[in-house]
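Trainee: I'd like to learn how to read salt bridges and helices in a model. Can you walk me through one?

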Amino acid sequence: MPGTGTSPHSPIGARWAGRPPAAGAAVPATGILSVGLDATGYDVLSRIALVAAGAAWLGLAADFVVRLLWDRPRWVAEAGTPGALMAVAATTVLGIRFSTLGWQPLAEALLALAALLWPVLLVLVLRHWRRRMPGPVFLACVATQGLVVLGATLAAAEATAWLAHTALVLFWLGLVLYVLALTRFDLRQVTAGAGDHWVAGGALGISALAGSRLIVADSAGLYLWSGDDAHVLRTVTVALLVLDLGWYAVLLVAELCRPRPRYDVRRWATVFPMGMTAAATLSVADALDVPWLRTPGQVLLWIAVAAWLAVAAGAVTQARARFGAAARR
């Protein structure tokens, strides 16, 4: 396409054109590490990760528009796959970090964009649900809770009650979508999945993060939740974090029992849930005033950073091998 900067006949252009939707998980995987690093005081590393995530998001957004305008059949085909909802998750994760930086107008714009994409992609994806699906089936929950986290974060920053109440409705919807996705999930993926099976746990992680942000959004001035509402929200948030950590343990043991060391682009969908679990643990620790939770949260964060580095190294090695092979032809 004119103006893309690459030719479909060049190694770079061919590789970009053939990029699977799973590659989009690199954006929220990097973005959530930026959120976690910011929460633990590593501001410089957090900003570096944010720049990387933002650059990748811009590239994927441009590709999204190009396919929508000039390759409509492929866009429609990919929009019906669960991985399409990663676009919503990526957009909301970036918005969350921008909001914590105080860049509220930019965060609001990303929330508006994600809110426009979410119902269209969700309907397309749900229409193609079937039995025994891989881990991305849980992205219906992840995308919904991403809207909740960003909405609650902005509600707290700008004291906007209606945004928090809307986020609460979506929070419960996200949990319903998780249960529905669980009935469609192929449990054999736990020991045989290529990496995106980790989203089964990550969906609970972002749900726990959403619950904690809803709790923090309340204030004496807004008075969002009654005493009973706040108690239910706290109980559910804790339960979600416990379940998320349980999934994390199960998935980690499965990886040790059935090692899958070869690089696969779907491993970015392993890093994202790892980082999300760390961010959720840190956020719940602050929201519920449980200081001792910060230590395991920090440990989980550095495990996620190590996983990011390992997957990034695998991606670079594979790219060099493919470009080298293409150049020798």
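Mentor: Sure, salt bridges come up right away: a search of the whole structure finds 7 of them. A salt bridge here is a side-chain nitrogen of Lys or Arg within 4 Å of a carboxyl oxygen of Asp or Glu. Keep in mind that this is a predicted model, where local features need pLDDT of at least 70, side-chain atom pairs count only at pLDDT 80 or more, and totals for chains, interfaces and linings use all residues. Residues are numbered from 1 along each chain as its sequence is written, and side-chain values use heavy atoms, with hydrogens and water left out.

Trainee: Which side chain does R188 meet in a salt bridge?

Mentor: Side chains of opposite charge can pair when their charged atoms come close. R188 meets D186, at 3.0 Å from N to O. D186 has 11% relative accessibility, so it counts as buried (buried is under 20% relative accessible area, exposed over 50%, partly exposed in between, with a 1.4 Å probe and protein chains only).

Trainee: Are R260 and E255 buried or exposed?

Mentor: Both are buried, and their side chains form a salt bridge at 3.8 Å, N to O. Salt bridges with shared partners link E255, R260 and R267 into one network.

Trainee: What about helix α5, how many residues does it have?

Mentor: Helices are DSSP runs of H or I with at least four residues, numbered from the N terminus. Helix α5 covers residues 86–100, 15 in number, and spans 21 Å from its first C-alpha to its last, close to the expected 21 Å. That expectation is 1.5 Å times one less than the number of residues. Of the 15 residues in α5, 13 are buried. Just after α5, G102 takes a positive phi of about 90°.

Definitions and conventions. Helix = DSSP H or I, 4+ residues; strand = E, 2+ residues; numbered from the N terminus.
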